[in-house]
Amino acid sequence: MLRNTKKIGTRERQKHWWIISNLIKKHKGCCVACKVQVTLKFTEPLENSYATIDHVVSLSKGGTDNLNNLSLMCYKCNMAKGNKTEEEFMSEYFQTKEEK
């Protein structure tokens, strides 16, 4: 997830929105994990369906910020995924759903 605690400039904000717009188009506005329709409406605290940018392979595991390593996830799934790869998270996510 591209989240920054410091203020970002106009160029970085434009880049962020360009990425999010492309990911929304690519994934048809749905979280790649749970398929919930994501929202761009910012609330405090963040809604579970808030759109986030996820690294398929996390930066801590050698992933990059290239668009082909980014996907769209809802806030809830992105927080649950942590630094797992998307493949690791998805297999864990679906295994948990099948047990219920």
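**Helix α1 and the cysteines**

In this predicted model, helix α1 runs over residues 10-26, which gives it 17 residues. From its first C-alpha to its last, α1 reaches 24 Å, and that is close to the 24 Å expected at 1.5 Å a residue.

So which residues of α1 are buried? They are I19, I20 and L23. Looking down the axis of α1, these buried residues fall within an arc of 95 degrees, so they line one face of the helix. That buried set packs against two strands, β1 (51-55) and β2 (70-74). Flip to the other side of α1 and the picture changes: T10, R11, Q14, W18 and K25 are exposed there. Just past the helix comes K28, and its phi is positive, near 55 degrees.

Next come the cysteines. How many disulfides does the structure hold? The count is zero. For C30, which is in no disulfide, the nearest cysteine sulfur belongs to C31 and sits 8.5 Å away. C31 is in no disulfide either, and its nearest cysteine sulfur, that of C34, is 3.8 Å away. A pair has to be within 2.5 Å to count as a disulfide, so 3.8 Å doesn't make the cut. As for its surroundings, C31 is buried, with a relative accessible area of 1%.

Technical notes
Residues are numbered from 1 along each chain as its sequence is written. This is a predicted model: local features need pLDDT of at least 70, side-chain atom pairs count only at pLDDT 80 or more; totals for chains, interfaces and linings use all residues. Side-chain values use heavy atoms; hydrogens and water are left out. Buried means under 20% relative accessible area, exposed over 50%, partly exposed in between (1.4 Å probe, protein chains only). Helices (H or I, at least four residues) and strands (E, at least two) are DSSP runs, numbered from the N terminus. The expected span of a helix is 1.5 Å times one less than its number of residues. The arc is that of the directions from the helix axis to the C-beta atoms. Contact means heavy atoms within 4.5 Å.
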